[in-house]
Protein chains: 2
Amino acid sequence: MTVSLRERRRQQTARDIQLATLELAVEQGLENVTTEEIAAAAGISTRTFFNYYVNKESAAIGAPPAFGEADKTALREGRGALRDDLKRFLDKHIKILADDDNIVRMVGTVLRSNEKARGILDGFLMMERETLTECLAGRVADVQTAAALASMCTDSIGRAIFLWETGDAATLSAALDIVWAGTLHAAGLMVVPSD
Amino acid sequence: MTVSLRERRRQQTARDIQLATLELAVEQGLENVTTEEIAAAAGISTRTFFNYYVNKESAAIGAPPAFGEADKTALREGRGALRDDLKRFLDKHIKILADDDNIVRMVGTVLRSNEKARGILDGFLMMERETLTECLAGRVADVQTAAALASMCTDSIGRAIFLWETGDAATLSAALDIVWAGTLHAAGLMVVPSD
DNA sequence: CAAAACCTTGCACAGTCTGCAATGTTTACG
DNA sequence: CGTAAACATTGCAGACTGTGCAAGGTTTTG
């Protein structure tokens, strides 16, 4: 087995804490929940809570799925049209998010009102964007171009989640399709010197 | 006069606090600075510090310049090529930032290591992006397209600041030119189905 | 099975942030 | 001008956050 008993328990406790945090946060707003309440709900001591997460905002966010290694390789070495490879890449990722869409929704709720949580997620996204930029750097030569593309990608995912959360799209994948169409259209407007 | 003595003093104190915060933060890192130190450096009591800012991260960020009303109107009613109007809009804004480039630099330092500060700024940028989306909504009809364009704009400013901070561009305006070229190039790649 | 590694917990303590009440300063206006 | 209302500053008490440390328990390793 790849994971020891200890490791599995640790994962489980981390997830228990996250779920306890999110449920309390959705009910009362994260700012009105104390670490003591969270610890009690998760069946651990306050001190142990802080052994898992440095603060309640981190507990709410947990460990978001990173871009898959295989998907990144596919993107780096892809030979299709760039925009199609990118869309495929994002589709893969949004499907992973969809596996835990209940958590995505609760995290979204927290993010809407909690600045600290936004900052924490932002830090994570910044790193993801960075790795994405590196993936693209080989295909587009210019770093600024790669960075712009990477931003378009993470932004599209963010807007797709938002669209789905507000009920304007039935699924995350459908939301991404809508958002992506807008992104492509916007790109077209930036290129063609017309209004 | 448009501002009373009281109002002017308030602005001055707010700025004094921000500068005290940033200077201490650049020296020691914001996490290693206590509100007590900041208050002492700004010549006020700790309690008064919290009358001005809800926390030290907000004090460090202060009140970033918003997009100008006139510039937004110009963008909304512009009749030139969209991408040129956008570039003009961003040029205007980056010039305003350049007026306080010492503060921009210090804030950048803080943002690099402080998650909470990033979240606070992110909330501000989110609102700015929202107003920008509304400005563009009249010109492009589709909301998703407008949102994508707005994201490209705020992202470009962010990357320009980063480029300038790392010394890869002499001025903020020059940095924006470089970043913008990358953004346009990226847009081109998204449109033309080639690699 | 014993030692190493890791986990949980309590406790003490430094720091953050709010509400409240006292006191002083500025503004508005009769 | 002078007074009442509005606002600013401060201290203090108190709830909450987050860390270091040490004690005691469980899992892993060989």
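This is a chat about a predicted model of protein chains with DNA strands C and D.

Me: Start with DNA strand D. Which residues come nearest to it?

Reply: Arg9(A), Arg47(A), Lys116(A), Ser45(B) and Thr48(B) come nearest, out of 21 residues around DNA strand D. Of the strand's atoms that come within 4 Å of the protein, 61% belong to sugar and phosphate.

Me: Which side chain has a polar atom 2.4 Å from a phosphate oxygen of that strand?

Reply: That is Arg9(A), with a polar side-chain atom at 2.4 Å from a phosphate oxygen of DNA strand D. Lys56(A) also has a side-chain N or O atom 3.2 Å from a phosphate oxygen of DNA strand D.

Me: And what does Arg47(B) reach on DNA strand D?

Reply: A base oxygen. A polar atom in the side chain of Arg47(B) is 3.4 Å from it.

Me: Which helices supply at least two residues each to the surface near DNA strand D?

Reply: α1 (5-28) and α3 (46-52) of chain A do, and so do α1 (5-28) and α3 (46-52) of chain B. The most comes from α3(B), which gives four residues.

Me: How does that surface split by class?

Reply: The surface near DNA strand D has eight charged, seven polar and six nonpolar residues.

Me: Now DNA strand C. Which residues come nearest there?

Reply: Arg6(A), Thr48(A), Arg6(B), Arg9(B) and Arg47(B), from 21 residues around DNA strand C. Sugar and phosphate make up 63% of the DNA strand C atoms that come within 4 Å of the protein.

Me: What are the distances to phosphate oxygens of DNA strand C for Thr48(A), Tyr52(A) and Lys56(B)?

Reply: For Thr48(A), a polar side-chain atom lies 2.7 Å from a phosphate oxygen of DNA strand C. The corresponding value is 3.1 Å for Tyr52(A) and 3.2 Å for Lys56(B).

Me: Which helix gives the largest share of the surface near DNA strand C?

Reply: α3(A), with four residues. At least two residues each come from α1 and α3 of chain A and from α1 and α3 of chain B. By class, the surface near DNA strand C has six nonpolar, seven polar and eight charged residues.

Me: Back to α1(A). How does the distance between its end C-alpha atoms fit the expected span?

Reply: The two agree: α1(A) has 24 residues, which at 1.5 Å a residue should span 34 Å, and the end C-alpha atoms are 34 Å apart.

Me: Which of its residues are buried?

Reply: In α1(A), the buried residues are Ala14(A), Ile17(A), Gln18(A), Ala20(A), Thr21(A), Leu22(A), Leu24(A) and Ala25(A). As for spacing along a helix, an α-helix has 3.6 residues a turn, so residues three or four places apart point the same way.

Me: What covers those buried residues of α1(A)?

Reply: The cover includes α2 (35-42), α3, α4 (56-61) and α7 (101-113) of chain A.

Me: Which residue follows α1(A)?

Reply: Gly29(A), with a positive phi near 85°.

Me: What about positive phi at a residue that is not a glycine, say Ala141(A)?

Reply: Ala141(A) has a positive phi of about 70°. Ala141(A) sits in the loop between α8 and α9 (143-165) of chain A, and counts as exposed at 69% relative accessibility.

Me: And where is Ala141(B)?

Reply: In the loop between α8 (115-140) and α9 (143-165) of chain B. Its phi is also positive, about 70°, and at 66% relative accessibility Ala141(B) counts as exposed.

Me: Switching to cysteines. How many disulfides are there over all chains?

Reply: Zero, from a search of the whole structure.

Me: Why is Cys135(A) not bonded to Cys153(A)?

Reply: Because the sulfur of Cys135(A) is 10 Å from that of Cys153(A), the closest cysteine sulfur, which is too far for a bond. The cut-off for a disulfide is 2.5 Å between sulfur atoms.

Me: Are the two cysteines buried or exposed?

Reply: Cys135(A) is buried at 1% relative accessibility, and Cys153(A) is buried at 0%.

Me: Last one: where does Glu134(A) sit?

Reply: In helix α8 (residues 115-140) of chain A. Glu134(A) is exposed, at 51% relative accessibility. The cut-off for exposed is over 50%. From Glu134(A) to Ser173(A) is 39 residues in sequence and 25 Å in space, C-alpha to C-alpha.

Definitions and conventions. Residues are numbered from 1 along each chain as its sequence is written. Chains are lettered from A and ligands numbered from 1 in the order in which they are written. This is a predicted model: local features need pLDDT of at least 70, side-chain atom pairs count only at pLDDT 80 or more; totals for chains, interfaces and linings use all residues. Side-chain values use heavy atoms; hydrogens and water are left out. A residue is near a molecule or strand if one of its heavy atoms lies within 4 Å of it. A polar contact is a pair of N or O atoms within 3.5 Å; within protein, one must be able to donate a hydrogen and the other to accept it, and residues adjacent in sequence count only if both atoms are side-chain atoms. Ala, Val, Leu, Ile, Met, Phe, Trp, Tyr, Cys and Pro count as nonpolar, Asp, Glu, Lys and Arg as charged, and the others, Gly among them, as polar. Buried means under 20% relative accessible area, exposed over 50%, partly exposed in between (1.4 Å probe, protein chains only). The expected span of a helix is 1.5 Å times one less than its number of residues. Contact means heavy atoms within 4.5 Å.
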